[in-house]
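Visitor: I'd like to learn how to read a model like this one. Could you walk me through it, feature by feature?

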Amino acid sequence: MPLPGCEVTLPSNECAGFYKEILAEEDFPPEYLLEENSVAKEFNARGAYRPIIYTPLAFESEMLRYSGENEKLTATDVDLILGREFKRENQGEKLALKLSFSLPKSCYATMLLREASKGRIE
(Lines give C-alpha, C1' and ligand atoms only; values in the text may rest on other atoms or scores of the structure.)
Protein backbone atom coordinates (compact mmCIF):
# COMPACT_ATOMS: atom_id res chain seq x y z
CA MET A 1 0.00 0.00 0.00
CA PRO A 2 1.64 3.29 -1.00
CA LEU A 3 2.36 6.10 1.41
CA PRO A 4 2.07 9.24 -0.71
CA GLY A 5 5.29 11.02 -1.64
CA CYS A 6 7.28 12.32 -4.58
CA GLU A 7 8.84 8.89 -5.33
CA VAL A 8 5.53 6.97 -5.25
CA THR A 9 3.04 6.59 -8.06
CA LEU A 10 -0.47 6.78 -6.69
CA PRO A 11 -2.84 4.11 -8.00
CA SER A 12 -4.94 4.87 -11.05
CA ASN A 13 -7.90 2.77 -9.84
CA GLU A 14 -10.64 3.68 -7.34
CA CYS A 15 -8.04 3.87 -4.55
CA ALA A 16 -6.73 7.09 -6.13
CA GLY A 17 -9.95 8.84 -5.11
CA PHE A 18 -9.48 7.64 -1.55
CA TYR A 19 -5.98 9.16 -1.38
CA LYS A 20 -7.10 12.42 -3.00
CA GLU A 21 -10.00 12.68 -0.55
CA ILE A 22 -7.69 12.26 2.45
CA LEU A 23 -5.22 14.80 1.08
CA ALA A 24 -8.07 17.26 0.40
CA GLU A 25 -9.29 16.91 4.00
CA GLU A 26 -5.82 18.08 5.07
CA ASP A 27 -5.78 20.93 2.48
CA PHE A 28 -2.84 19.21 0.78
CA PRO A 29 -3.10 19.29 -3.03
CA PRO A 30 -1.81 16.06 -4.68
CA GLU A 31 0.43 18.23 -6.89
CA TYR A 32 2.58 18.91 -3.79
CA LEU A 33 3.75 15.29 -4.01
CA LEU A 34 5.19 15.60 -7.50
CA GLU A 35 8.96 15.13 -7.64
CA GLU A 36 9.61 18.51 -9.21
CA ASN A 37 7.61 20.29 -6.50
CA SER A 38 9.78 22.05 -3.93
CA VAL A 39 7.30 21.30 -1.10
CA ALA A 40 7.85 17.54 -1.41
CA LYS A 41 11.62 18.00 -1.55
CA GLU A 42 11.63 20.48 1.34
CA PHE A 43 9.88 18.05 3.67
CA ASN A 44 11.63 14.99 2.22
CA ALA A 45 8.22 13.45 1.47
CA ARG A 46 9.52 10.60 -0.69
CA GLY A 47 6.76 8.14 0.20
CA ALA A 48 7.10 4.37 0.34
CA TYR A 49 5.40 1.12 -0.55
CA ARG A 50 4.41 -1.04 2.40
CA PRO A 51 2.76 -4.46 2.40
CA ILE A 52 -0.80 -4.63 3.67
CA ILE A 53 -0.14 -8.05 5.20
CA TYR A 54 3.21 -9.27 6.47
CA THR A 55 4.07 -12.65 7.98
CA PRO A 56 6.38 -12.31 10.99
CA LEU A 57 9.75 -14.04 10.83
CA ALA A 58 11.12 -16.43 13.45
CA PHE A 59 7.72 -16.71 15.15
CA GLU A 60 7.78 -18.77 18.32
CA SER A 61 5.28 -19.21 21.12
CA GLU A 62 5.51 -20.83 24.51
CA MET A 63 3.03 -21.31 27.35
CA LEU A 64 4.53 -20.52 30.75
CA ARG A 65 3.09 -21.57 34.09
CA TYR A 66 3.58 -19.32 37.10
CA SER A 67 2.18 -18.59 40.56
CA GLY A 68 3.05 -15.10 41.71
CA GLU A 69 1.97 -11.80 40.14
CA ASN A 70 5.56 -10.48 40.30
CA GLU A 71 7.27 -13.69 39.23
CA LYS A 72 9.94 -13.16 36.58
CA LEU A 73 8.92 -15.19 33.53
CA THR A 74 11.81 -14.60 31.15
CA ALA A 75 15.28 -13.12 30.96
CA THR A 76 15.41 -9.36 30.37
CA ASP A 77 17.65 -7.63 27.85
CA VAL A 78 19.85 -6.57 30.79
CA ASP A 79 20.17 -10.21 31.83
CA LEU A 80 21.26 -11.14 28.32
CA ILE A 81 23.73 -8.25 28.00
CA LEU A 82 25.30 -9.02 31.37
CA GLY A 83 25.38 -12.75 30.65
CA ARG A 84 23.20 -13.60 33.64
CA GLU A 85 21.92 -17.14 33.64
CA PHE A 86 18.14 -17.39 33.88
CA LYS A 87 16.39 -20.56 34.97
CA ARG A 88 12.86 -20.93 36.19
CA GLU A 89 10.50 -23.71 37.13
CA ASN A 90 7.58 -23.92 34.70
CA GLN A 91 5.06 -24.55 37.47
CA GLY A 92 1.99 -22.85 38.89
CA GLU A 93 -1.72 -22.46 38.43
CA LYS A 94 -1.56 -19.39 36.15
CA LEU A 95 -0.70 -19.36 32.44
CA ALA A 96 1.17 -16.79 30.37
CA LEU A 97 1.81 -16.77 26.64
CA LYS A 98 5.33 -15.83 25.57
CA LEU A 99 5.67 -14.73 21.94
CA SER A 100 8.88 -14.12 20.03
CA PHE A 101 9.02 -12.83 16.46
CA SER A 102 10.73 -10.41 14.12
CA LEU A 103 9.12 -7.68 12.01
CA PRO A 104 10.69 -5.19 9.59
CA LYS A 105 10.43 -1.45 10.17
CA SER A 106 6.95 0.02 9.78
CA CYS A 107 5.31 -3.25 10.86
CA TYR A 108 3.97 -3.01 14.38
CA ALA A 109 3.90 -5.71 17.03
CA THR A 110 0.82 -4.12 18.61
CA MET A 111 -1.13 -4.84 15.42
CA LEU A 112 0.00 -8.47 15.46
CA LEU A 113 -1.08 -8.81 19.09
CA ARG A 114 -4.42 -7.12 18.39
CA GLU A 115 -5.17 -9.54 15.56
CA ALA A 116 -3.96 -12.57 17.53
CA SER A 117 -6.16 -11.67 20.52
CA LYS A 118 -9.39 -11.33 18.51
CA GLY A 119 -10.11 -14.98 19.13
CA ARG A 120 -11.18 -16.22 22.52
CA ILE A 121 -8.32 -16.75 24.95
CA GLU A 122 -9.00 -19.08 27.85
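Guide: Let's start with a cut-off we'll keep using: a residue is called exposed when its relative accessible area is over 50%, buried when it is under 20%, and partly exposed in between. Keep in mind too that this is a predicted model.

Visitor: Then let me try the cut-off on alanine 58: is it buried or exposed?

Guide: Exposed, because its relative accessibility is 57% and the bar is over 50%. Alanine 58 sits in strand 3. Its backbone is worth a look as well: phi is positive, about 50 degrees, even though the residue is not a glycine.

Visitor: You mention strand 3. What is the order of helices and strands along the chain?

Guide: Going along the sequence, you meet β-α-α-β-β-α-β-α. That comes to four helices and four strands.

Visitor: And what share of the chain is buried?

Guide: Of the 122 residues, 14% are buried. The chain exposes about 10100 Å², with 54% of that area supplied by carbon and sulfur atoms. For contacts, take those between residues at least 6 apart in sequence: 69% of them join residues at least 24 apart.

Visitor: Which residues make a nonpolar patch on the surface?

Guide: Met63, Leu95 and Leu97 do, and their patch covers about 290 Å². Look at leucine 97, which belongs to strand 4, residues 94-102. Leucine 97 counts as exposed because its relative accessibility is 51%, and the cut-off is over 50%.

Visitor: Now for empty space. How do I find it, and what is the volume of the largest pocket?

Guide: The general idea is to roll a probe the size of a water molecule over the atoms, which shows where empty space is left. Here the largest pocket has a volume of about 450 Å³. Its lining takes in 17 residues, and those nearest the centre are Pro51, Ile52, Ile53, Ser106 and Cys107. As for elements, strand 1 (2-3) and helix 4 (109-116) are the ones that give two or more residues to that lining.

Visitor: What about charged pairs? How many salt bridges are there?

Guide: In general, side chains of opposite charge can pair when their charged atoms come close. This structure holds seven salt bridges. One of them joins lysine 94 and glutamate 69, at 2.3 Å from N to O. That pair ties together distant parts of the chain, 25 residues apart: lysine 94 is in strand 4, while glutamate 69 is in the loop between strand 3 (57-66) and helix 3 (77-82).

Visitor: How do the two partners rank for exposure, lysine 94 and glutamate 69?

Guide: Lysine 94 is partly exposed, because its relative accessible area is 25%. Glutamate 69, at 64%, counts as exposed.

Visitor: Which other pairs should I look at?

Guide: Try glutamate 85 and lysine 87, whose side chains meet at 3.1 Å, N to O. Both of these residues are exposed. Then go to arginine 114 and glutamate 115, where the closest N and O atoms are 2.6 Å apart. Arginine 114 is partly exposed at 43% relative accessibility, and glutamate 115 is partly exposed at 40%.

Visitor: Which residues are joined into one network by salt bridges that share partners?

Guide: Lys72, Asp79 and Arg84. Pull those three up on your screen and you can follow the network from one side chain to the next.

Key:
Residues numbered from 1 in each chain as written. Predicted model: local features only at pLDDT ≥ 70, side-chain atom pairs only at ≥ 80, totals over all residues. Heavy atoms only, no water. Buried < 20%, exposed > 50% of the residue type's maximum accessible area, 1.4 Å probe, protein only. Contact = heavy atoms within 4.5 Å. Areas by Shrake-Rupley, 256 points an atom, 1.4 Å probe, with all protein chains shown as cover. Patch = residues over 30% accessible without salt bridge, like charges linked within 9 Å, V, L, I, M, F, W, Y side chains within 5 Å. Salt bridge = Lys/Arg side-chain N within 4 Å of Asp/Glu carboxyl O. 1 Å grid on protein atoms, 1.4 Å probe; cavity = no way out; pocket = protein on both sides within 12 Å on 5 of 7 lines; lining within 4 Å. Points joined across faces, edges and corners; volume = space filled by probe spheres on them.
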